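Colleague: Could you zoom in on one part of this model for me, the charged contacts between side chains? Start with the terms you'll lean on, then go as far out into the rest of the fold as you like.

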Amino acid sequence: MTTASGTFAPRPGAAPLPRMIRAQAALETRMLLRNGEQLLLTVIIPTLLLVLFSAVRIIDTGAGRSVDFLTPGVLGLAVMSTAFTGQAIATGFERRYGVLKRLAASPLPRWGLMTAKTCAVLVTEVLQVVLLTVVALALGWSPQGAASLSGVASVVLLLLLGTAAFSGLGLLMAGTLKAEATLAAANLVFLLLLVGGGVIVPLAKFPAAAQQVLQFLPISALSDGLREVLQHGAGVPWADLGILAAWAVLGLGAAAKFFRWE
């Protein structure tokens with residue numbers, strides 16, 4: 001601010017809200033991408049799983065090439081690793097060390113902080129999807145539904161609802177459990193859903209009774225929906241979208257109600 005005499009005078013006050021959210025989102029993204037453990041979880045593990053299980057037929061994935069079955073599931077795994085596991089662990093330790101408490105006292109409102117965290121997750125997921133798509137194409141993947149506008153829209157909607165569902169569950173865990181418990185639980189859930197969520201092992205390999213339960217898991221719905229579109233070229237997977245939407249409402253609603261900032 002310049003006065004009439006040409007000198008500068010201070011202009012105290014908070015920055016505009018959109019600028020604060022952009023700055024916090026950029027900070028959250030840089031912190032996530034600089035964290036070696038997070039990169040291992042969100043980038044290296046999904047990529048290695050895709051390459052290994054596509055190159056070596058360890059598991060019978062049914063008719064067709066393994067990469068066509070695996071790629072949609074690994075894309076779903078990437079969303080889960082970032083929106084759920086990575087976010088739960090990072091937010092849990094931020095809560096433990098008082099970072100969230102200090103940020104809550106800043107001009108940035110709490111919903112603005114959550115919005116910034118969501119933006120950071122989305123940016124990371126875009127990078128994940130681009131990387132995994134390039135790797136899958138190099139392995140011979142030929143997505144069936146990616147050529148149509150409805151197919152692309154279905155994939156984007158599945159990824160967004162999957163992100164919302166896993167973010168809600170991750171924030172619920174981070175906001176209610178101790179940091180150490182969150183670290184253990186988030187990694188355990190990641191491993192269990194990797195095996196039992198239709199990511200690498202088809203749900204058809206499980207007993208019929210187990211399938212009736214596993215199909216309603218968010219990772220199963222996300223993997224199955226992406227597979228229906230990208231492998232089989234089917235239309236909008238309404239059933240899978242409905243399951244993800246239900247998990248998103250339940251997860252985000254519970255996180256908003258039970259999340260503790262201290």
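Modeller: Sure. I call a residue buried at under 20% relative accessible area, exposed at over 50% and partly exposed in between, using a 1.4 Å probe and protein chains only. This is a predicted model, where local features need pLDDT of at least 70, side-chain atom pairs count only at pLDDT 80 or more, and totals for chains, interfaces and linings use all residues. Numbering runs from 1 along each chain as its sequence is written, and side-chain values use heavy atoms, leaving out hydrogens and water.

Now the charged pairs. The structure holds four salt bridges (a side-chain nitrogen of Lys or Arg within 4 Å of a carboxyl oxygen of Asp or Glu). One of them pairs R65 with D68, their closest N and O atoms being 3.3 Å apart. The two partners differ in cover: D68 is buried, at a relative accessible area of 11%, while R65 is partly exposed at 41%.

Next comes E94 with K117, where the closest N and O atoms are 2.6 Å apart. That pair links distant parts of the chain, with E94 in helix α3 and K117 in helix α5 (residues 110–138), 23 residues apart. (Helices are DSSP runs of H or I, at least four residues, and strands are runs of E, at least two, numbered from the N terminus.) Both E94 and K117 are buried.

Helix α3 has another charged link. R96 and E180 meet in a salt bridge at 2.5 Å, N to O. Here R96 in α3 is tied to E180 in helix α7, 84 residues further off in the chain. R96 counts as partly exposed at 46% relative accessibility, and E180 does too, at 42%. Going back to E94 and K117, they are joined with E28 into one network by salt bridges that share partners.

Stepping back, the protein chain has 10 helices and zero strands. Its C-alpha trace spans about 80 × 40 × 35 Å along the principal axes, and 45% of its 262 residues are buried. Among contacts (heavy atoms within 4.5 Å) with a separation of 6 or more, 79% are between residues 24 or more positions apart.

Helices α3 and α7 turn up again around α9. What covers the buried residues of α9 includes α3 (66–96), α6 (149–176), α7 (179–196), α8 (208–214) and α10 (238–258). Since 11 of the 13 residues of α9 are buried, this helix is largely enclosed by the rest of the structure. P218, S220, G225 and R227 are among those buried residues. The geometry checks out too: at 1.5 Å a residue, α9 (residues 218–230) should span 18 Å, and its end C-alpha atoms are 18 Å apart, which agrees; the expected span is 1.5 Å times one less than the number of residues.

For contrast, α10 holds K257, which is exposed with a relative accessible area of 64%. The C-alpha atoms of K257 and V123 are separated by 26 Å, at 134 residues apart along the chain.

One thing from the record: an unreviewed UniProt entry lists residues 39–59 and 71–93 among its "transmembrane region" stretches. Those positions are in the numbering used here, feature names are shortened, and annotations may be inferred rather than shown by experiment. In the model, 71–93 is 100% helix and 0% strand, with end C-alpha atoms 32 Å apart. Residues 39–59 come out at 81% helix and 0% strand, the end C-alpha atoms being 26 Å apart.
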